[in-house]
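Thanks for coming, everyone. Please pull up the sequence and the structure, and we will walk through them together.

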Amino acid sequence: MNDLNLGAIGNSTFGALIDKGGRVVWACFPRFDGDPLFCHLLNDGNGKKDDGESDTGFFDFQIENFSRSEQHYLHNTAILVTTLFDSDGAALEITDFAPRFKERGRVFRPVLMIRRVRPISGHPRVRVRLRPSHSYNAERPQCTRGSNHIRYVAPHITLRCTTDAPVSFIDNEVPFVLEEPFTMLLGADESLNTPIGETGRQFFDKTRDYWEEWSRYLAIPFEWQEAVIRSAITLKLCHFEESGAIIAAMPTSVPEAPGSGRNWDYRYCWLRDAYFVIQSLNRLGATKTMEEYLSYITNIVAGAEDGHLQPVYGIALEKRLIETEVPTLKGYRAMGPVRKGNQAYEHIQNDVYGSVILAATQAFFDERLTRHGDIRLFERLEKVGNRCLELYDQPDAGLWELRTMAKVHTYSSVMCWAGVDRLAKIAARLNLPGRAKFWRGHAETIHGVILEKSFNTTLNTFTESFAGEDVDGSLLLLMELGFIEPEDPRFLGTVDAIDRHLKKGMHLFRYATEDDFGFPQTAFNICTFWYIDALAAIGRETEAREMFENMLNSRNTLGLLSEDIDPKTGELWGNYPQTYSMVGLINSAMRLSKSWRDAF
């Protein structure tokens, strides 16, 4: 059983999740963090065969006498194709996409979902059920009809469905024999002045061409190309192009484990992800997306008072993300609560300062970029660096956002060191020897303190906090960040300790100690990729490749990953598709793959 076997579509303005039967179960309008007019994923109906006449928050095509379904993406695109079969051998095909293509010198990416339906065998009988809700499933929109459209009026947006199918059949959910293809365009309340079917065909052709062209220019490894390309496209789907932000995941409140209460709203941008996302985009050669994301980060730095940074921001730089529970949704498989907003914006996470500096460093060294780092950006980053100096040995919530357990976390301290270290490198790049000396001296001091406070000589491992006795997955990044060499005995001891305490089968837990919600029940996918990278770096490449192949097999049928996985059942948990997980896959594939030169 894997209810997160969902396809993702979008166009870097909004996104939608579609289940294996072609049902839209999640989509927020007019952008990722908006009202989920399709929220069935969190409405206790997911996976049920008969949803009843009163259920809302979804959009599907019911084939009479349903037998089975098939689903795939068109090669190297974000276009999803679902085929429904009935028990008599008749079948219909649903093609789903959000238009995205270049036109008139810009990228056309409207708030618009297109669904094209056609018979492919026999005479299938179909019923269209278009049932948006609003205010997180509190109400159904008011409806008005035209000759070729239905309008759904909600408080913050009005959607218009324009179609060449019989409007009465759709409005009344009347089953009909599908003899000819039809098209449904669902989006902003705007009149369509061109033929419906022809518009759908043109938008399809242009969108397919766009994604194929975008994929063509990716830098990819020789091995695992399909997996990397699919991860790259999914990463792009989580990009809010208007501001440059990249969200952590599309929905909210898919629990990290059954009944755990670890249900969080991930429709925002976490600074902890910044360096790793930039690293992944750089390796892919997706420089435009990388530059837009850097612009988003630069705007955050420019708006930071005295260098203070939050762990998470809204996709349009919003600072207040007030967390509330939504009583009108029962939750994923009835596992509430459903949360809107995220309290993490109030947390103290000292790693974010280094994360931002590490991400912004790209702007000073990458000659491909049109907006290079300059002295003004460096001066702003120095304010962030001053926070690193103040906070590297102070307690915080840590990378894992522990809500009631503040400690001096080793990873946060190392990220502060990394920020200071990179400022020294940037200063040297800008020919500022005085500033380079200043930051280099502080980096050496912080490095020494961390080595003294976080390495447990008795246990022969770095620990997750100063003077601690436990390990966590973030310690695997000490090598990646340049804090310690992979062959250093202290790092080798840390990998061994993590292997003993956090590795369960072929997956890695982020930690194995009790937190605010008890003991973790599922493995954390990004930590498994970090472990794979560490194995490769210390010469255990055979093990690394074996674990990587297992992670590829852990993806759902469409090649996507969530945040967490049950190591016993292989079921995906946590919000989905998870940017961090897809980035981890990309980076591990790049590290492990044979080179093109050595492949033949």
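Start at the hairpin: four residues carry the chain from E14 into E15. This is a predicted model, so read every value as computed from it. E14 covers residues 149-153, and five bridges hold E14 and E15 in antiparallel pairing. Val153 of E14 faces Thr158 in E15.

Now the other neighbour of E15. Which strand is joined to E15, residues 158-163, by five bridges? That is E17, residues 182-188, again running antiparallel. Two of the opposite positions are worth a look. Thr162 sits across from Leu185 in E17. Thr163 sits across from Met184 in E17.

Is E15 covered or open? Mostly covered: six of its six residues are buried. Look at the two faces. Thr158, Arg160 and Thr162 point one way, while Leu159, Cys161 and Thr163 point the other way. All of these are buried.

Zoom out to the sheet. It is open, has eight strands and pairs in the antiparallel sense. Read the order as E6-E7-E8-E11-E17-E15-E14-E13. Which strands are at the edges? Strand E6, residues 66-73, and strand E13, residues 142-145, each pair on one side only. From one strand to the next, the twist averages 15°.

Stay in the sheet and go to strand E8, residues 91-97, where we find Asp96. Buried or exposed? The relative accessible area of Asp96 is 0%, so this residue is buried. Its side chain has a polar partner: the side chain of Arg115, at 2.5 Å. Beyond the residues within four places in sequence, Asp96 has contacts that include Ile9, Ile18, Ala78, Ile79 and Leu80. Ile114 and Arg115 are also in contact with Asp96.

Compare a polar residue in a loop. Asn43 lies between strand E4, residues 35-38, and strand E5, residues 58-63. At 12% relative accessible area, Asn43 falls under the 20% cut-off, so Asn43 is buried. The side chains of Asn43 and Asn137 make a polar contact at 3.4 Å. Setting aside neighbours within four places in sequence, Asn43 also touches Thr56 and the run Thr328, Leu329, Lys330 and Gly331.

On to empty space. The second largest pocket holds about 530 Å³. Its lining counts 21 residues. Nearest its centre are Leu112, Glu190, Ser191, Leu192 and Phe203. E15 and E17 come back here: with helix H2, residues 196-216, they are the elements that give two or more residues to this lining. Which element gives the most? H2, with four residues.

Then the cavities. There are four of 30 Å³ or more. The largest has a volume of about 210 Å³. Its lining has 18 residues, and the closest to its centre are Glu256, Trp264, Trp400, Glu401 and Arg510.

Next, a helix. H4 runs over residues 274-284. Why call H4 largely enclosed by the rest of the structure? Because nine of its 11 residues are buried. The buried set begins with the run Ala274, Tyr275, Phe276, Val277, Ile278, Gln279, Ser280 and Leu281. Leu284 is buried too. After H4 comes Gly285, with a positive phi near 75°.

That brings us to backbone details. Glycine aside, take two residues with positive phi. Glu173 has phi near 55°. You will find Glu173 in the loop between helix H1, residues 167-171, and strand E16, residues 176-177. Its relative accessibility is 14%, so Glu173 counts as buried. Asp306 also has a positive phi, about 55°. Its loop runs between helix H5, residues 287-302, and strand E21, residues 312-313. At 70% relative accessibility, Asp306 counts as exposed.

Finally, two cis peptide bonds. One goes from Gly336 to Pro337, with omega near 5°. Pro337 is in the loop between strand E22, residues 324-326, and strand E23, residues 338-340. Another goes from Tyr576 to Pro577, with omega near -15°. Pro577 is in the loop between strand E30, residues 572-573, and helix H14, residues 579-592.

That is the tour. Over to you for questions.

Definitions and conventions
Residues are numbered from 1 along each chain as its sequence is written. This is a predicted model: local features need pLDDT of at least 70, side-chain atom pairs count only at pLDDT 80 or more; totals for chains, interfaces and linings use all residues. Side-chain values use heavy atoms; hydrogens and water are left out. Two strands pair if DSSP finds at least two bridges between them. Axes are lines fitted to C-alpha atoms, for helices over the stretch in contact, and angles run from 0 to 180 degrees between N-to-C directions. Buried means under 20% relative accessible area, exposed over 50%, partly exposed in between (1.4 Å probe, protein chains only). A polar contact is a pair of N or O atoms within 3.5 Å; within protein, one must be able to donate a hydrogen and the other to accept it, and residues adjacent in sequence count only if both atoms are side-chain atoms. Contact means heavy atoms within 4.5 Å. On a 1 Å grid over the protein atoms alone, a cavity is a set of points where a 1.4 Å probe fits but cannot get out, and a pocket is an open set with protein on both sides within 12 Å along at least five of seven lines; lining residues have an atom within 4 Å of a point. Grid points are joined across faces, edges and corners, and a volume is the space filled by probe spheres set on the points.
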